[in-house]
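This briefing introduces the fold of one protein chain to a reader who is new to structural biology. Please keep the sequence and the structure in view while reading.

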Amino acid sequence: MNSSGVVSAEIKIRLIAPGKPAVPLSAGLFYTARSPYAVRVAFFVGRGERVEWTFARELLAQGLEGAAGLGDVRVWSSPGQRTGFRRVLHLEISSPSGTARFEIPARGVRSFLRSTYALVPAAAEGEHIDFETGLRDLLRESH
């Protein structure tokens, strides 16, 4: 268990564009017990720039077993013979400016998720939310 309440992992991924060679990138996966339902992925796109997306931890876990997600984030797994990874997790992210698809080694995602569940077990997320602080913050923002 991570005593800091944070789990992170850097992984090598591939940006997939139709009809073009895959582009290798680095990405970071982040999880914190303070936001127990969510994972954050940061794509390092060069010159210190990064693009971040936040979505449900459960979506990432479901994607390892089969297709999951609707709308902006979709995840599914498949064998990865052509990528060099044994199994691949596909992550597709859509925004008003377009859609991007990434291939991620499933082994790295599985290891990351195991660490997050050691920190906050599945179905115990609600025990880690500080509702009073969240409510105070919301009320402060509304004034």
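Which strands does α2 lie across, and at about what angle does α2 run to β1? In this predicted model, helix α2 lies across β1, β2, β3, β6 and β7, and its direction is at about 160° to that of β1. The points below describe the sheet, then the helix, and finally one residue of strand β2.

**The sheet**

- Seven strands make up an open sheet, and their order is β4-β3-β2-β1-β7-β6-β5, with antiparallel pairing.
- The edges of this sheet are β4 (49-56) and β5 (73-79), each of which pairs on one side only.
- From one strand to the next, the twist averages 30°.

**Strand β1 and its partners**

- Ten bridges connect β1 with β2 in the antiparallel sense; Ile-11, for example, has Ala-27 of β2 as its bridge partner.
- The two strands β1 and β2 form a hairpin with six residues between them, and in the turn Gly-19 has a positive phi of about 75°.
- Strand β1 is also joined to β7, by three bridges, and these two strands run antiparallel.
- Along this pairing with β7, Arg-14 stands opposite Glu-103, while Ile-16 has Arg-101 as its bridge partner.

**Helix α2**

- Helix α2 comprises 14 residues (residues 106-119), which should span 20 Å at 1.5 Å a residue; the end C-alpha atoms are 20 Å apart, in agreement with that expectation.
- Ala-106, Val-109, Phe-112, Leu-113, Thr-116 and Leu-119 are the buried residues of α2.
- These buried residues are on the same side of α2, because they cover an arc of only 140° around the axis.
- An α-helix has 3.6 residues a turn, so residues three or four places apart point the same way.
- Arg-107 and Arg-114, on the other side of α2, are exposed.
- The buried residues of α2 pack against several elements, including the helix α1 (57-65) and the strands β6 (87-95) and β7 (98-105).

**Ser-26 in strand β2**

- Is Ser-26, a residue of strand β2, buried or exposed? Ser-26 is buried, because its relative accessible area of 16% falls under the 20% cut-off.
- A polar contact of 2.8 Å links the side chain of Ser-26 to the side chain of Lys-12.
- When neighbours within four places in sequence are left aside, Ser-26 is in contact with Glu-10, Ile-11, Lys-12, Ala-42, Phe-43 and Phe-44.

Methods: Residues are numbered from 1 along each chain as its sequence is written. This is a predicted model: local features need pLDDT of at least 70, side-chain atom pairs count only at pLDDT 80 or more; totals for chains, interfaces and linings use all residues. Side-chain values use heavy atoms; hydrogens and water are left out. Helices (H or I, at least four residues) and strands (E, at least two) are DSSP runs, numbered from the N terminus. The expected span of a helix is 1.5 Å times one less than its number of residues. Buried means under 20% relative accessible area, exposed over 50%, partly exposed in between (1.4 Å probe, protein chains only). The arc is that of the directions from the helix axis to the C-beta atoms. Contact means heavy atoms within 4.5 Å. Two strands pair if DSSP finds at least two bridges between them. A polar contact is a pair of N or O atoms within 3.5 Å; within protein, one must be able to donate a hydrogen and the other to accept it, and residues adjacent in sequence count only if both atoms are side-chain atoms. Axes are lines fitted to C-alpha atoms, for helices over the stretch in contact, and angles run from 0 to 180 degrees between N-to-C directions.
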